[in-house]
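User: I am new to this structure and would like to be led through a few of its features, with the reasoning spelled out.

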Amino acid sequence: MNVRKTILFVIFFLFWGLLLARVFYLSVLNQAYFQDQAMKNILREEYIIPVRGQILDRNGKPLATNNVGFMLALPPRLSLRSNLPLLEREIENLLIYFPNYSKEQLINKYRSKDSPYNHEDIPIIEFVEQELILQYYTQLSQSEILRIIPVAHRYYPNLTSASHIIGYVSKANQKDIDKQPIAKYTGNIGKEGLERQYDGYLQGQVGKRVIKVTALNQEIEAVSFKEAIENHNLITTLDIRVQLAMDEIFMDKNGAAIIMDAQNGEILAAGSYPEYDLNHFVGGISYENWNALRDSPYKPLINKFINGLYPPGSVIKMGMGLALLEYAGISETTEIKTPAFIELGGRKFRDWKKEGHGSADLYKALKRSVDVYFYILALKTDFESIAKVLKTMGLGKKTGVDLPNEFAGIVPSPSLKKSRFKQDWYAGDNVVSSIGQGLFLTTPLQIANYTALIASGKLPTPHFAKEMSEQKIVYEPKDVLSAFQKSKLNVLREGMRQVCSEAGGTANLATRESKAYLACKTGTAQVVGISQADKERIKEKDMDYFHRSQAWITSFLPADNPRYVITIMVEHGGSGSGTGGPVLAKLANVLVDLGYVQPRGSAKNTKVINITDSNFEAEAE
């Protein structure tokens, strides 16, 4: 009997002990939580979504702007059985004015976001253009619960132009929100380009309005108000006039082009071709448009001027020349014999010119792009030393441009080949690397920056942002060259001047239509090998498109007072001079026409060159 009583007492005390513990937990320990929930039943927080900042060109022309419209939303908990008739009535009323939606579609959309824990309005129709809302505003505003909330919808007025620079805004997923919490309220996030790079700035800061409401969620009075911070506009270095002209010139070509201020790194225009319509991504791209972009063999989704890796070909010869002057025991006027080919290990390494160039010093080697000159001297030089000079000039590493996911490229060397590829370095590697082939990989922007170093004497940081919140953005160029290297820059500049502006230069004939005084270097980078058995090299135009060489040309202008760099890479364009030269001339003319560069002949030191077909050797580079 005593045992039974003991058990009953234990059960009694356990029951009341647990009950008291639960009451203590709910009333004391969790007081703040339930107090907060009670407050939410009488106070409602409304977040004020800032309008995303515009992206503008250097003259204030819009590159990314906002179309003003409205979002239609309903209060939460209307999907409860008691409130369902009210929800259905509101949806049916909306369908009178927006018949392209269905009742089932809108109700399902509402229910997917409704829950007992949601105290925020639920969007039913996320964007309606202002003109359409104005037609029906009187009728829609008669609803006691429908909220008509102003919102902004991203719009890219130039459609495809500068698409890889500007990037785009798209719907934010949970991963995006974790990285950028404001996206929970704005609903979107910058996915590529400047939209992504400066997303935190462009988004602004969310405001908040706290209001007292009834049990039916009807507003009684405003309790507090915090204004949203917006109008975070980004002024860029781009000139949309130059950009649109570049697009037209590149209309039937694939590749990349850059026009950059050689002194401060401001990029006036840059294109990766083909481009794509940025507006297709706003709000989510269709499967049809996405598949077309993804499956295109011309890779429109790749930003080729920072993510395209290409062998640079002969545009690397200025850097090679500087390294050879320092480490090969020569001067710029040292003349060496340059036959049609050299033989190494039973293999012939040919010059681009079938009969060779006889002999050459560095000036001629640049002007005529004499391959054998660089073969011979590279074999006499430690390539680690050459690679060191090329890296100093900005190759094989990121330029620091203000775009996401820039690639670094490769400057080949014995140590790199061993560490990365687990392979030995051979004499043949010296030969092919000396003309920008083999393991060599660069981006077009790296070549533009390297050209800017040659032109200005300092290595700039390429960039697109010019002004944020009325604060100018300044990047100081880096002083990377030794005193000896600086003393030889005029040699490289003169060699480049002769390429474009003297008879016999590989780009002289191709750029004859230029209004500007040009200095440049051509390059033709092979993408397929040539058999040793081939006596005659097949012409580029007779090759399959994807077997043709990459066509390069890089330049600075004016030749006697360098200010701007133009770098062009035409994918599978064949000849750097034949394909790239006319493009260079047209882009240079744009700069002259818009007043960025004085026309040829206006500068004191400009040399007047008489160009005739009779005194010009056939171009190949």
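**Helices, a disulfide and a surface patch**

Analyst: In helix H20 of this predicted model, the buried residues are Pro444, Leu445, Gln446, Ile447, Ala448, Asn449, Tyr450, Thr451, Ala452, Leu453, Ile454 and Ala455.

User: How many of the 13 residues of H20 are buried, and is the helix enclosed or not by the rest of the structure?

Analyst: Helix H20 covers residues 444-456 and reaches 18 Å from its first C-alpha to its last, close to the 18 Å expected at 1.5 Å a residue. Because a residue counts as buried when its relative accessible area is under 20%, the burial of this helix can be read residue by residue, from Pro444 to Ala455. H20 is therefore largely enclosed by the rest of the structure, the number of its buried residues being 12 of the 13.

User: Which residue just after H14 takes a positive phi?

Analyst: Helix H14 spans residues 317-327 and is mostly covered, with nine of its 11 residues buried, among them Met318, Leu322 and Leu325. Just after this helix, a positive phi of about 70 degrees is taken by Gly329.

User: Is Ile330 buried or exposed, and what is its relative accessible area?

Analyst: Ile330 lies in the loop between H14 and strand E13. Leaving aside its neighbours within four places in sequence, Ile330 is in contact with Leu324, Leu325, Tyr373 and Leu377. Since the cut-off for buried is under 20%, Ile330 counts as buried, with a relative accessible area of 15%.

User: Which hand does the disulfide of Cys500 and Cys520 have?

Analyst: The structure holds one disulfide, formed by Cys500 and Cys520 with their sulfur atoms 2.0 Å apart. This pair links distant parts of the chain, Cys500 in helix H22 and Cys520 in strand E19, which are 20 residues apart, and both Cys500 and Cys520 are buried. The torsion about the S-S bond of Cys500 and Cys520 is about 105 degrees, so the disulfide is right-handed.

User: Where does Leu19 lie, and what relative accessible area does it have?

Analyst: Leu19 lies in helix H1, which runs over residues 2-29. Together with Phe9, Phe12, Phe13, Phe15, Trp16 and Val23, Leu19 forms a nonpolar patch on the surface, with about 760 Å² of accessible area together. Because partly exposed covers the range between under 20% and over 50%, Leu19 counts as partly exposed, with a relative accessible area of 36%.

Conventions. Residues are numbered from 1 along each chain as its sequence is written. This is a predicted model: local features need pLDDT of at least 70, side-chain atom pairs count only at pLDDT 80 or more; totals for chains, interfaces and linings use all residues. Side-chain values use heavy atoms; hydrogens and water are left out. Buried means under 20% relative accessible area, exposed over 50%, partly exposed in between (1.4 Å probe, protein chains only). Helices (H or I, at least four residues) and strands (E, at least two) are DSSP runs, numbered from the N terminus. Patches are made of residues with over 30% relative accessible area and no salt bridge: like charges are joined within 9 Å, nonpolar side chains (Val, Leu, Ile, Met, Phe, Trp, Tyr) within 5 Å. Accessible areas come from the Shrake-Rupley method with a 1.4 Å probe; for residues, only the protein chains shown count as cover. A salt bridge is a side-chain nitrogen of Lys or Arg within 4 Å of a carboxyl oxygen of Asp or Glu. A disulfide is a pair of cysteine sulfur atoms within 2.5 Å. The expected span of a helix is 1.5 Å times one less than its number of residues. Contact means heavy atoms within 4.5 Å.
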